[in-house]
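The following exercises are to be worked with the sequence and the coordinates at hand. Each task is followed by a solution in steps.

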Amino acid sequence: MTYLKVNVDAPVQLISAGEFISEVPWKHMSRSIENFELILGVRETVYIREEQEHFEIGEGDIVLLYPGRTHGGYQESLPGVTFYWFHFDVPTTPNVLSNEEMKRETRVMDAHLQRHGFVRDIYIPQCVRAGNGDRIHIIVNQILHVANSHYLTYHSVNYLFTSLLIEISELALSRLTSSPASPQGNVSFNKIIEWTRIHAEEPITVTDLARKFNYNKDYISRLFKQNTGMRPLEFIHSIRINKAKELISRTDMSIKQVAEEAGYTDEKYFMRLFKKIVNMTPSQYRNAYHKTFMNKV
């Protein structure tokens with residue numbers, strides 16, 4: 001595993017981006033390019049080799065390919081394989097860290113964070129699984145919309161893409177550091193959060209959570225408030241609405257179907273809640289980010 005360290009005082013430059021879909025069995029061509037490529041798996045599995053390293057990119061998997069290295073497919077993907085791709089350059093000379101170097105960097109970073117509470121660099125692992133995939137997918141759809149909308153502001157899409165890289169970096173750092181920048185240090189609460197995230201689309205209640213983890217309801221509520229700033233049901237709604245935003249922005253599902261997929265049986269209640277949280281209706285949200293460059297075979 002390697003990590004790309006990039007200073008983001010200036011935005012990263014996005015060269016091109018799109019969504020790839022193949023309706024037939026497909027294998028990536030063999031090539032070497034002069035810029036970085038970031039791939040985010042959406043459906044089925046992409047099989048890519050970079051030099052001697054092999055990657056299987058499934059749903060939610062993120063892989064970074066380096067410039068000047070030969071990469072290509074080593075196995076056919078199934079029909080329907082879908083992934084997002086981004087070609088980009090960094091504003092300074094790339095700094096690639098090995099696992100050991102990243103461990104040393106993390107120790108220095110922990111000390112720095114205790115004093116200053118922030119860092120000026122991001123760290124992109126060569127491969128990582130997006131546990132917070134819904135939020136990442138929303139940023140991706142915003143990037144693709146802006147990239148294909150011909151904004152007059154030169155850095156518009158570059159700032160959005162840098163935000164995506166920051167999100168990926170935060171995800172990686174949260175698994176490496178013991179700093180406040182990482183998610184809750186309470187291991188038990190991490191289990192509660194993860195279980196809640198996985199089951200958020202089911203009709204769960206605070207009582208269900210308390211019973212599942214052998215706590216009383218008041219204690220569960222305090223845990224959520226202290227660690228997320230939200231009450232349990234607010235947290236569940238936030239996960240559901242993020243899921244809905246991802247479905248609205250990248251599928252042609254009806255609003256009723258989106259509501260059901262997100263865990264809401266009452267479409268009208270879903271629409272009211274969506275507008276309250278997002279400050280626009282589901283239809284307005286869909287119309288806001290709808291331009292995407294798609295390439296397929």
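**Exercise 1. An open sheet**

Task: In this predicted model, determine the strand order of the open sheet of 3 strands and the sense of its pairing.

Solution.
- Step 1. The strands follow the order S5-S4-S7, and their pairing is antiparallel.
- Step 2. The edges are formed by strand S5 (53–57) and strand S7 (71–73), each of which pairs on one side only.
- Step 3. From one strand to the next, the twist averages 25°.
- Step 4. Strand S4 (residues 46–50) is joined to S7 by 3 bridges in the antiparallel sense. Within this pairing, arginine 49 has glycine 72 in S7 as its bridge partner.

**Exercise 2. The surroundings of S1**

Task: Establish how many residues of S1 are buried, and identify what stands opposite leucine 4 in S9 and opposite valine 6 in S10.

Solution.
- Step 1. Of the 5 residues of S1, 4 are buried, so that the strand is mostly covered.
- Step 2. S1 pairs with strand S9 (residues 95–97) in the antiparallel sense, over 3 bridges. Here valine 96 is the residue opposite leucine 4.
- Step 3. S1 also pairs with S10, again antiparallel, over 5 bridges. In this case isoleucine 122 stands opposite valine 6.
- Step 4. The general background is that strands of a sheet pair through backbone hydrogen bonds, either parallel or antiparallel.

**Exercise 3. Salt bridges**

Task: State how many salt bridges a search of the whole structure finds. Then examine the partners of arginine 120, glutamate 37 and arginine 129.

Solution.
- Step 1. The search yields 12 salt bridges. As a general principle, side chains of opposite charge can pair when their charged atoms come close.
- Step 2. Arginine 120 pairs with aspartate 9, with 3.3 Å between the closest N and O atoms. Arginine 120 belongs to the loop between helix H1 (99–116) and strand S10 (121–125), and aspartate 9 to the loop between strand S1 (3–7) and strand S2 (13–21); the salt bridge therefore ties together parts that are 111 residues apart in sequence. The relative accessible area of aspartate 9 is 53%, so this residue is exposed.
- Step 3. Glutamate 37 forms a salt bridge with arginine 31, at 3.0 Å from N to O. Glutamate 37 is buried, with a relative accessible area of 2%, whereas arginine 31, at 24%, counts as partly exposed.
- Step 4. Arginine 129 and aspartate 61 meet at 2.9 Å, N to O. This pair links distant parts of the chain, 68 residues apart: arginine 129 lies in strand S11 (residues 127–129) and aspartate 61 in strand S6 (residues 61–65). Since buried means under 20% relative accessible area, aspartate 61 at 16% counts as buried; arginine 129, at 46%, is partly exposed.
- Step 5. A network of salt bridges links Lys5, Glu105 and Asp121.

**Exercise 4. The buried faces of two helices**

Task: Decide where the buried residues of H5 fall around the helix axis, and on which side of H8 its buried residues are placed.

Solution.
- Step 1. Helix H5 (residues 206–213) has Val206, Leu209, Ala210 and Phe213 as buried residues. Viewed down the axis of H5, they fall within an arc of 95°, and therefore line one face of the helix.
- Step 2. Asparagine 214 follows H5 and has a positive phi, near 60°.
- Step 3. In helix H8 (residues 255–262), the buried residues are Ile255, Val258, Ala259 and Ala262. Their arc around the axis is only 100°, so they are on the same side of H8.
- Step 4. The cover over the buried residues of H8 includes H7, helix H9 (267–278) and helix H10 (282–288).
- Step 5. Just after H8, the phi of glycine 263 is positive, about 110°.

**Exercise 5. Lysine 245**

Task: Is lysine 245 buried or exposed, and with which residues is it in contact, leaving aside neighbours within four places in sequence?

Solution.
- Step 1. Lysine 245 is placed in helix H7 (residues 232–250).
- Step 2. Its relative accessible area is 17%, so lysine 245 is buried.
- Step 3. With those neighbours left aside, lysine 245 is in contact with Ile138, Phe274, Val278 and Tyr285.

How values were computed
Residues numbered from 1 in each chain as written. Predicted model: local features only at pLDDT ≥ 70, side-chain atom pairs only at ≥ 80, totals over all residues. Heavy atoms only, no water. Buried < 20%, exposed > 50% of the residue type's maximum accessible area, 1.4 Å probe, protein only. Helix = DSSP H or I, 4+ residues; strand = E, 2+ residues; numbered from the N terminus. Arc of directions from axis to C-beta. Contact = heavy atoms within 4.5 Å. Salt bridge = Lys/Arg side-chain N within 4 Å of Asp/Glu carboxyl O. Pairing = 2+ DSSP bridges. Axes fitted to C-alpha atoms, helices over the stretch in contact; angles between N-to-C directions.
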